[in-house]
Amino acid sequence: MANHIPNEVLEEIRKSNNIVEVIEEYVQLKKQGQNYLGLCPFHDEKTPSFSVSQDKQIYKCFGCGKSGNIFGFLMEMEGFSFFEAVKHFADRGGIDLPVSASQPVKSHLSDEAQQVLQAYDWLTKLYHHLLRYAKDGKEGYQYFKDRGISDDTADLFKLGYAPATANFTASFLEKKGFPPQPLAKAGLLSVRDDGSAADRFGGRIVFPIRNHLGKTVGFAGRTITGDGPKYLNSSESELFRKNKILYNFDLAKKQIRSTGEVVLFEGYMDVISAYQAGIKNVVATMGTSLTESQARLLNRYADTVIICYDGDDAGIEASYKAANILRGTGCQVRVANLTGGLDPDNFIREYGGETFIEKIIKASDTYISFYMRFLKRNYNLSLKADRMDYINIILKEIAKLDSSIERESYLQELSGEFNLSMQSLQSEMEILQKKHGKNVTKEKESNKKFKQINFIQPKKLVPAFHNAEKYLLAHMLHNPVITEKIRDELGASFNIDEHKIIATHLYAYYEEGNPADVSLFINRLEEQELQQMAIDIAMMPIDTEIGEQELRDYVQAIRVQSGSKNDIRLLKEQQRMAEQQSDPIAAAEIAVKIIELQKKLRQS
């Protein structure tokens, strides 16, 4: 596929899409030396091992080994084909692809999923238009007006209304040429007992649910008449996975990255009210409990998650479960304390966004403070036995903290509340730490999310020629002049087959006048293993100012190995001929020479 798109076009597309900005749409990155560091999106990890080189426009995970350029990254993250990735970045950069490269290419989505995606797009526009401008949507429009939602906000979130008129949606989709079966399967339509299609969301306001790319992949329909369940969601499908998607993540992710914080709500209206009030780093779950998949997603973007659920018992229980899931992925957690029977949406409408920020978000509890509040509901602290049980449980949590200042603060809180001496509390906590083998200093260092990491992996014991070939290729990837010298001296005489293939492609790449750009070069390598090997080599730390003697040493090491291999091949041929001529003495003498050469090769 890469061959159908000219290199100069790929280079223009790649230059218009900085790899750091691209990956930051999926991963929180922080500068470390010359590269950027973050948590790998391809495997679970708490300590970052995912490195991005802005200079080379490539990425490499030193944990799972994944590597590539912007095209490879999107192919891995979204399952895109190469052409889909190229087209995505071309559209994003405002670049027109040549006609020869714009032929239809099969999508990574199934035909059924593509139809459903198109239907969602049509219905999102239709329901929103009806809400804003049509008589049929007046009831839904008034509902949002009564909830304090402005027209601009309704437009931003594409809020809609599905008319209660029988078969309105089914008839609309049929006229657009959509078959009813996949739409019913995806939960856009319902199926009657006789097998005919019927509207699923009729008479409901509609919240389009978008994926992180901003495409509508599901609907949440809320009743405003009291008929049926309060909320009705699209069915689980290839496009829509409630346990993975977070509402409003596509709009919030930029602000989440810049602030390092995200506010997690339970409801759609909580998000919309907060966003309208100027609080942009807000998301919500899909009407279900927070999942590990959603927690890992948040952990890649934010240092701190502020849980802001309803203040009733159910909300507090849900907050506790969510907090522990988030902490399990490495997130710092704070929990808002909403009192007075108000949910976040009601609080914002009554007191305003600034008060919500100051009184709720900024005043949110640390996990330990929240845990104290959560646990007290189950104990009668006027009873000595309950009081002692409560204190011991809290001490166990305090003992896990890395910061001595935090530990002392909570111990002082317990001391004041229960009239206990600091000395007795500290002694008990130290016993707990020893019991669980906690080394505070060591654990504090290991739990830093973005601690300094040395990515130069331990050198494996490999033959000298192996390293010579890798370092030579590393210099060749960075310098076409060196590549030309090596082509004249060695040609394709690398000993390792993969190195030979990379070198051969590199000769052709530079002969076409292309720049020293590994991100562009790897598009020529069709096999993913070769692409990853080329990136691994390009990420090796080298001194770009290499001397002539060092180059000669690399070349000599490769030639010695290649020459010895040729000598062994010739000796084996001579040995075979001696055996055919029934000359065992000559064959044995040749065998000794072969063994000596092989021994030298292993030692070299």
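Q: I'd like to start with the cysteines. How many disulfides does the count come to here?

A: Good place to begin! A disulfide is a covalent bond between the sulfur atoms of two cysteines. In this predicted model, the count comes to 0 disulfides.

Q: Why is there no bond at the sulfur of Cys 61?

A: Look at the distance to its closest partner. The closest cysteine sulfur to that of Cys 61 belongs to Cys 40, and at 3.5 Å it is too far for a bond, because the two sulfur atoms of a disulfide must be within 2.5 Å. Cys 61 itself is buried, with a relative accessible area of 1%.

Q: And what keeps the sulfur of Cys 64 from a bond?

A: Try the same kind of check. For Cys 64 the closest cysteine sulfur is in Cys 61, at 3.6 Å, again too far for a bond. Cys 64 counts as partly exposed, at 36% relative accessibility.

Q: Let's move to helices. How do I describe the way α17 and α19 cross?

A: Start with the axes, then ask about distance, angle and hand. Helix α17 covers residues 384-399 and helix α19 covers residues 422-435; their axes come within 9 Å and cross at roughly 65 degrees. The crossing is right-handed.

Q: Which residues make that contact?

A: On the α17 side you will find Ile 391, Asn 392, Leu 395, Lys 396, Ile 398 and Ala 399. Facing them from α19 are Leu 425, Glu 428, Met 429, Leu 432 and Gln 433. Sorted by character, the residues of this contact divide into 7 nonpolar, 2 polar and 2 charged.

Q: Now for a charged side chain. Is Asp 250 buried or exposed?

A: Here you compare the relative accessible area with a cut-off. Asp 250 has a value of 14%, so it is buried, since buried means under 20%. You can locate Asp 250 in helix α10, which spans residues 249-259.

Q: What does the side chain of Asp 250 join up with?

A: Its partner is the side chain of Arg 210, through a polar contact of 2.8 Å. Leaving aside residues up to four places away in sequence, Asp 250 touches Arg 210, Asn 211, His 212 and Gly 214.

Q: Where is Asp 199 found, and is Asp 199 buried or exposed?

A: Asp 199 sits in strand β8, residues 197-199. At 17% relative accessibility, Asp 199 counts as buried.

Q: Which backbone nitrogen does the side chain of Asp 199 reach?

A: A side chain can pair with backbone atoms too, and this one gives you two cases to look at. The side chain of Asp 199 reaches the backbone nitrogen of Thr 169 at 2.9 Å. A polar atom of that side chain also lies 2.9 Å from the backbone nitrogen of Ala 170. With residues up to four places away in sequence left out, the residues that Asp 199 touches include Pro 163, Phe 168, Leu 189 and Ser 190.

Q: Last topic: backbone angles. What is phi of Lys 158 near?

A: When you read phi, check its sign and the residue type. Phi of Lys 158 is near 50 degrees, a positive value in a residue other than glycine. Lys 158 lies in the loop between α7 (151-156) and β6 (160-162), and is partly exposed, with a relative accessible area of 39%.

Q: What about phi of Asn 419?

A: Phi of Asn 419 is near 55 degrees, a positive value in a residue other than glycine. To find Asn 419, go to the loop between α18 (404-418) and α19. Asn 419 is exposed, with a relative accessible area of 72%.

Note on methods
Residues are numbered from 1 along each chain as its sequence is written. This is a predicted model: local features need pLDDT of at least 70, side-chain atom pairs count only at pLDDT 80 or more; totals for chains, interfaces and linings use all residues. Side-chain values use heavy atoms; hydrogens and water are left out. Axes are lines fitted to C-alpha atoms, for helices over the stretch in contact, and angles run from 0 to 180 degrees between N-to-C directions. Helices (H or I, at least four residues) and strands (E, at least two) are DSSP runs, numbered from the N terminus. A crossing is left-handed if the near helix is turned anticlockwise from the far one by less than a right angle, and right-handed if clockwise. Contact means heavy atoms within 4.5 Å. Ala, Val, Leu, Ile, Met, Phe, Trp, Tyr, Cys and Pro count as nonpolar, Asp, Glu, Lys and Arg as charged, and the others, Gly among them, as polar. Buried means under 20% relative accessible area, exposed over 50%, partly exposed in between (1.4 Å probe, protein chains only). A polar contact is a pair of N or O atoms within 3.5 Å; within protein, one must be able to donate a hydrogen and the other to accept it, and residues adjacent in sequence count only if both atoms are side-chain atoms.
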